[in-house]
Amino acid sequence: MAEQIILITGAAQGIGASVAKACAHAGATVILLDKQVPQLEAVYDEIVEQTGIIPAIYPLDLKGATVDDYKQL
């Protein structure tokens, strides 16, 4: 997965966080998307600490997202 950029939704916890960590361990750069910023930051810190890869954090509540939110993303 090296040189891949992968957007992970629901990355703050559960399956999303596990997938984000696994992708980072496989060498991918991950974009962490979720509405829960403190939890996203914890996943971010863990990825940096364990892999040295710097993920991106994109806080967004997909349930209330607008067309403009998706365009910005």
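When I say two residues touch, or are in contact, I mean they have heavy atoms within 4.5 Å of each other. With that in hand, hi everyone, let's look at C23. Setting aside residues up to four places away in sequence, C23 touches M1, I6, I8, A28 and V30. One thing to keep in mind throughout: this is a predicted model.

So what is C23 part of? The largest nonpolar core has 14 residues, and C23 is among those that touch the most other members, along with I8, V30, L32 and I47. Which elements give two or more residues to this core? Those are β1, residues 5-9, then α1, 14-25, then β2, 29-34, and α2, 37-51. Helix α1 gives the largest share, with four residues. As general background, nonpolar side chains in soluble globular proteins tend to be buried together.

Okay, let's zoom out to the whole chain. There are three helices and three strands, and starting from the N terminus the order goes β-α-β-α-β-α. The radius of gyration is 12 Å, and the globule rule gives 11 Å for 73 residues, so the chain is as compact as a globular protein of that length. If you draw a box around the C-alpha atoms along the principal axes, you get roughly 35 × 25 × 20 Å.

How much of the chain is buried? Of the 73 residues, 29% count as buried. And if you take the contacts with a separation of 6 or more, 51% of them are between residues 24 or more positions apart.

For a concrete case of residues far apart in sequence, go to P59, over in strand β3, residues 56-59. P59 and A11 are 48 residues apart in sequence, yet their C-alpha atoms are 10 Å apart in space. Ignoring neighbours within four places in sequence, P59 is in contact with D34, V37 and L40. P59 counts as partly exposed, because its relative accessibility is 46% .

Next up, charges. How many salt bridges does the structure hold? There's one. It joins E46 and K21, with the closest N and O atoms 3.1 Å apart. E46 lies in helix α2 and K21 in helix α1, so this pair ties together parts that are 25 residues apart in sequence. Are the two partners buried or exposed? In between, as it turns out: E46 is partly exposed at a relative accessible area of 29%, and K21 is also partly exposed, at 22% relative accessibility.

Now the outside. The chain exposes about 4500 Å², and carbon and sulfur atoms supply 54% of that. There's also a nonpolar surface patch of about 350 Å², made by L7, L62, Y70 and L73. Y70 lies in helix α3, residues 67-72, and with a relative accessibility of 43% it counts as partly exposed.

Last stop, back towards the start of the chain. E3 is in the segment before β1. What's the phi of E3? It's near 70 degrees, a positive value in a residue other than glycine. For background, most residues other than glycine have a negative phi. E3 counts as exposed, because its relative accessibility is 79% and the cut-off for exposed is over 50%.

To recap: a nonpolar core of 14 residues, one salt bridge, and a nonpolar patch on the surface that includes Y70. Thanks, and that's me done.

Conventions
Residues are numbered from 1 along each chain as its sequence is written. This is a predicted model: local features need pLDDT of at least 70, side-chain atom pairs count only at pLDDT 80 or more; totals for chains, interfaces and linings use all residues. Side-chain values use heavy atoms; hydrogens and water are left out. A nonpolar core is a set of buried Ala, Val, Leu, Ile, Met, Phe, Trp, Tyr and Cys residues joined through side-chain atoms within 4.5 Å. Buried means under 20% relative accessible area, exposed over 50%, partly exposed in between (1.4 Å probe, protein chains only). Patches are made of residues with over 30% relative accessible area and no salt bridge: like charges are joined within 9 Å, nonpolar side chains (Val, Leu, Ile, Met, Phe, Trp, Tyr) within 5 Å. Accessible areas come from the Shrake-Rupley method with a 1.4 Å probe; for residues, only the protein chains shown count as cover. A salt bridge is a side-chain nitrogen of Lys or Arg within 4 Å of a carboxyl oxygen of Asp or Glu. The radius of gyration is taken over C-alpha atoms; the globule rule is 2.2 Å times the number of residues to the power 0.38.
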